[in-house]
Amino acid sequence: FRSEVSSIAKLSAALALNESLKDTLRSNIQQSKIKKKYTMVATPGPGQAEVILVGCGCPLRGMGWYHAVQMLGNECPSAKLCHIVEPWFLGAGASGPGGAEFAEFKSKTEADHQVGFYKSLAEVPPVADGVKRLALISGRTMDNPRLLGESIAAGCTVIYLEKPGAPTVKELEVMKKQAADANVSICMGYNKNVCKYVRNAREFAAANKGSHVTFVSNNTYENNAGSLGECFERNAEGMLKNMAIHELALLASFYDVTVDNIESVIVDKDFSSMQTLPGPSGKEFTDFDKVKFTIKTKTGKAVSVQADRCGGDTSYAMVSDADGNEKFRHSMPDEEDKANVSVLEAKYPGAMPYFFSQDPDYITVKERVANMCVTGEEAKDIATIDIAIAALSVGEYLTPLMQKELSGTVASQ
């Protein structure tokens, strides 16, 4: 009997030890998960901002993806990409088009760079003491007002917003106040503000009295109903609030163009064209396929914009004299840029062509914004939220005005 009691006691002790081991194992697993989630992520070095990329998109297609590869390639010394928030491909889009490509990019980026991936900003680990955190928001324009608030809540002190920032001027104004109340700075991704061709044209015009500058923006859509109809539907906000918004930001930044300061708008009806076309959904959209106009301000400045969705892959700035004779032109890409484009085409075959022609400017904007986040120094020539508001306001003002001017020439297919 004593032997049986002893055996039972030993068995009970063994079972208790087994449960203790299980508890320890469960605790270790939980701690491992926590450690993996919060400490096995890239961290910024001295003089670097901790970057959260919000909205990566599909590799080779999404602007966010190209921002990521530039930072992962250490092309922006002041920016350390530590976190990527991608709601679509880590959610409902995981099994759809582009899902497999994103999963491959995620796996490689986690392994090679220890970047953390999250479905929402709420999942990103808290910002560490002394770290300057920057959010680069490159998602859908309609989501930006919400994403800005979530970025502020995530401890970001600087927000980099892709153009146009928000669908409407009213939303941009609310975002401006929200950021100001939180002592957060907003910089806009209007990369043409730092483009070489823009700078050189402005400098030439300033050195030659009576000069007039025309900014020309081209794109590579096919000049047919199918291609333009798809473009009209995907960019339903319209040309002046999408493709040509970069030029309107230039006008607001360097030529004092605001709605209140516009004296006149002269539309070139011979060049400009407006069409009503069905998109892939079958719904019809009316938009400009090309526009050209000149704005004169109440403060005595004049500047022209020309935009053509089917104009090709070269954009440029042209300077003419008082008689309209062309005196200077600088294109993007220029010969130096074309050499870089060839290298990038080989490195990222199949990627969107405009990534490559504007590659140096994307780097410049990110580097200046990241340096501002770390040091507090002014980000030279980088558009502010006030410029974004002015540009979008002008876009909203010009759209119905130009629609009226061209209403007698609208085509439909």
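The exercises below work through a predicted model of one protein chain, each with a solution that goes step by step.

**Exercise 1. The chain as a whole**

Describe the make-up of the chain and state how confident the predictor is in it.

Solution. Begin with the secondary structure, where the chain has 12 helices and 14 strands. Turn next to burial, and note that buried residues make up 48% of the 413 residues in the chain. Then consider how the contacts are spread along the sequence: among contacts between residues at least 6 apart, 75% join residues at least 24 apart. Finally, look at confidence, for which the mean pLDDT of the chain is 91, with 89% of the residues reaching 70 or more. Residues 31-39 should be read with care, since their pLDDT is below 50; this stretch has 7 contacts in the model beyond near neighbours in sequence.

**Exercise 2. The second largest pocket**

Find which elements and which classes of residue line the second largest pocket.

Solution. The space in the second largest pocket comes to about 340 Å³. Its lining consists of 14 residues, and those closest to the centre are Trp65, Glu104, Phe105, Lys108 and Thr109. The elements that give two or more residues to this lining are α2 (63-72) and α3 (99-113), and the largest share, 7 residues, is supplied by α3. Sorted by class, the lining holds 8 nonpolar, 2 polar and 4 charged residues.

**Exercise 3. Helix α2**

Decide whether α2 is enclosed by the rest of the structure or open, and name the residues on which the decision rests.

Solution. A residue counts as buried when its relative accessible area is under 20%. In α2 the residues that meet this test are Met63, Gly64, Trp65, Tyr66, His67, Ala68, Val69, Gln70, Met71 and Leu72. Because 10 of the 10 residues of α2 are buried, the helix is largely enclosed by the rest of the structure. Following α2 comes asparagine 74, which has a positive phi, near 60°.

**Exercise 4. Two strand residues with polar side-chain contacts**

Work out how serine 217 and threonine 276 are placed, and to which side chains their own are joined.

Solution. Serine 217 belongs to strand β7 (residues 212-218), and it counts as buried because its relative accessibility is 4%. Its side chain is joined to that of lysine 192 by a polar contact of 3.4 Å. Once neighbours within four places in sequence are left aside, the residues in contact with serine 217 are Lys192, Met243, Glu247, Gln306, Ala307, Asp308 and Ser315, so that Lys192 appears in this list as well.

Threonine 276 lies in strand β9 (residues 273-278). With a relative accessible area of 14%, threonine 276 is buried, and a polar contact of 2.6 Å links its side chain to the side chain of threonine 286.

**Exercise 5. Arginine 329**

Is arginine 329 buried, partly exposed or exposed, and which residues does it contact?

Solution. Start from its position, which is in strand β13 (residues 326-332). The relative accessibility of arginine 329 is 41%, and the residue therefore counts as partly exposed. Beyond its neighbours within four places in sequence, arginine 329 is in contact with Tyr316, Ala317 and Met318. For one of these, alanine 317, the separation from arginine 329 is 12 residues in sequence and 5.8 Å in space, C-alpha to C-alpha. As a last step, consider the side chain of arginine 329, which makes a polar contact of 3.0 Å with the side chain of glutamate 326.

Conventions
Residues numbered from 1 in each chain as written. Predicted model: local features only at pLDDT ≥ 70, side-chain atom pairs only at ≥ 80, totals over all residues. Heavy atoms only, no water. pLDDT = per-residue confidence, 0-100. Contact = heavy atoms within 4.5 Å. 1 Å grid on protein atoms, 1.4 Å probe; cavity = no way out; pocket = protein on both sides within 12 Å on 5 of 7 lines; lining within 4 Å. Points joined across faces, edges and corners; volume = space filled by probe spheres on them. Helix = DSSP H or I, 4+ residues; strand = E, 2+ residues; numbered from the N terminus. Nonpolar A, V, L, I, M, F, W, Y, C, P; charged D, E, K, R; others polar. Buried < 20%, exposed > 50% of the residue type's maximum accessible area, 1.4 Å probe, protein only. Polar contact = N/O pair within 3.5 Å; in protein donor to acceptor, adjacent residues only side chain to side chain.
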